[in-house]
Amino acid sequence: MTKATDSTSQTLAALGVASADAVTARFAALRAEFDGDAGGEGAWKALHDSWMGRKSGVLTRVTENWLKTATPALRPAVGKCLNELRGHVEQRLAELQRAAESAADEAALARERVDLSLPGVTRPLGSRHLLRQTFAEIERIFLSLGFAVVEGPEIETPYYNFEALNIPEHHPARDTMDTFYLETPRQNSGGPARLLRTHTSPMQIHTMEKQPAPVRIIVPGKVYRRDNPDATHSYMFHQVEGLAVDTDITFCEFKGTVEYFVREFLGPKIRTRLRPSYFPFTEPSVEVDASCFVCGGSGCRLCKSSGWIELFGAGMVDPAVYGFVNYDAKRLSGYAFGLGVDRLSQLKYGIEDMQLFFQNDVRFLRQFP
Ligand SMILES: [Zn+2]
C-alpha cells in the first residue's frame, strides 16, 4: 500500500485529480497519515523535518507539485486545503514539542532532586586530647583553691633551670635531669647557655622575681629530658608545677592542700600518705602516695601489692631558694609540688603505655571524648 505522502512528489494532473472533492480527499489522506505519525511519543523533531522541512518536507512538496501546478479551476481548493493542513500540522507539532520539552525537564528535575530525607554528611568532631583534659582538671582544682595559672618559656638558662633552684653546677641532682642544650648565636657571642627546661620549676623563680609574696601559682607546660622512650618515659612530657609562698604557710596547710587535690582528682575515698624524699629546692621533701584506687589498699598488680601508688613529689620550699629572689626567708614560708601530667593520666585512666599519648592514633584518642 502506497503512503499518501508519496503522492506529493507527483502533480495532481499525474495523479488524475480533476475535482475539488478529489483534492479534499487527497488532503484528508495526508492529514490522516500525519495524525497517525504524530500519535506516537517523542520524535517530534523527525516528524517536524519530514513534514515542515524547507527542501523536501511534505508541505513543501505539496506547494511545489500540487499548488503551483494546479489548474486555475482547482487552485483555490488546493490553496484552502493546504492552509488548513499547514495550520493543523504546525499546531500539532508545537504541542508535541512542548510535551517533549516538559518531559525532558521533569526527567532532569528527577535526576537532580535533593532527597531531604537522606542522612546528612557527618563531619566528625574532634575532642580534647586526654592530656589536655587532665591539665584542665588539675587547673580547675587549684583555681578553686585560689591559685593562678602562669606559663613560661620552654627554653631556659641553666641559672633558672638549676642554680636558682638550689641545684649548683656539679650537683648530682643534675644527672637525673639530663637535657638538651641548644646552640644559639647569643651563646656563641659569650651569652649564657640555653637548654630545654627539665621541669616547669623555673617559673617559681621568674614569678618570685617579678612579684612580692603572697604567691600561689600553678605552671602547666611541656618539659624535656634526655630519656629513652618506653612505657613510662619520653624525651618530652608534661608537668604542672605548683608554688605557694606567704607569711604563715605551715606544713599543715601543705598537707591539707595535697590531700584535697588527691581526693578531688582521684575520688573522695582515696587516702594520702607522705613519705620522706629529697629534692634540692624543697626541705623537707616528700613523695605523695595515694591509696590504690583499684584494690582499695588490699594489694593488686597496679600497686605492686603495696596498697599505695606513688603520685608526685613535693615539699616545703627550701629557704635557700628565697635567697635567689630576695625574699625574706625568716618571714616567709611555702610549699611546692610537681605533678607529672602524663603519669597522673596513665594512673587515672589505666593507660599502660605513655607513648600512646603521642602517637595520634584516633582509635586511642576516641576513647576519651
Ligand atoms: Zn592496688
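Colleague: What phi does Gly350 take, just after H12?

Modeller: Gly350 has a positive phi of about 65°. H12 is the name of a helix that covers residues 341–349; helices are DSSP runs of H or I with at least four residues, strands are runs of E with at least two, and both are numbered from the N terminus. This is a predicted model, where local features need pLDDT of at least 70, side-chain atom pairs count only at pLDDT 80 or more, and totals for chains, interfaces and linings use all residues. Residues are numbered from 1 along each chain as its sequence is written.

Colleague: What makes a residue of helix H12 buried, and which ones are?

Modeller: A residue is buried if 20 or more other C-beta atoms, placed from the backbone, lie within 10 Å of its own, exposed if 12 or fewer, and partly exposed in between. In H12, Val341, Asp342, Leu344, Ser345, Gln346 and Leu347 are buried by that count. Across the protein chain, 28% of the 369 residues count as buried.

Colleague: Why is the protein chain said to be more spread out than a compact globule?

Modeller: The globule rule, 2.2 Å times the number of residues to the power 0.38, gives 21 Å for 369 residues, whereas the radius of gyration, taken over C-alpha atoms, is 48 Å, so the chain is more spread out than a compact globule. Along the principal axes, the C-alpha atoms fill a box of roughly 140 × 60 × 35 Å.

Colleague: How do you know that S3 and S4 pair?

Modeller: Pairing requires DSSP to find at least two bridges between two strands. Two bridges join S3 to S4, and these strands run antiparallel, so they count as a pair.
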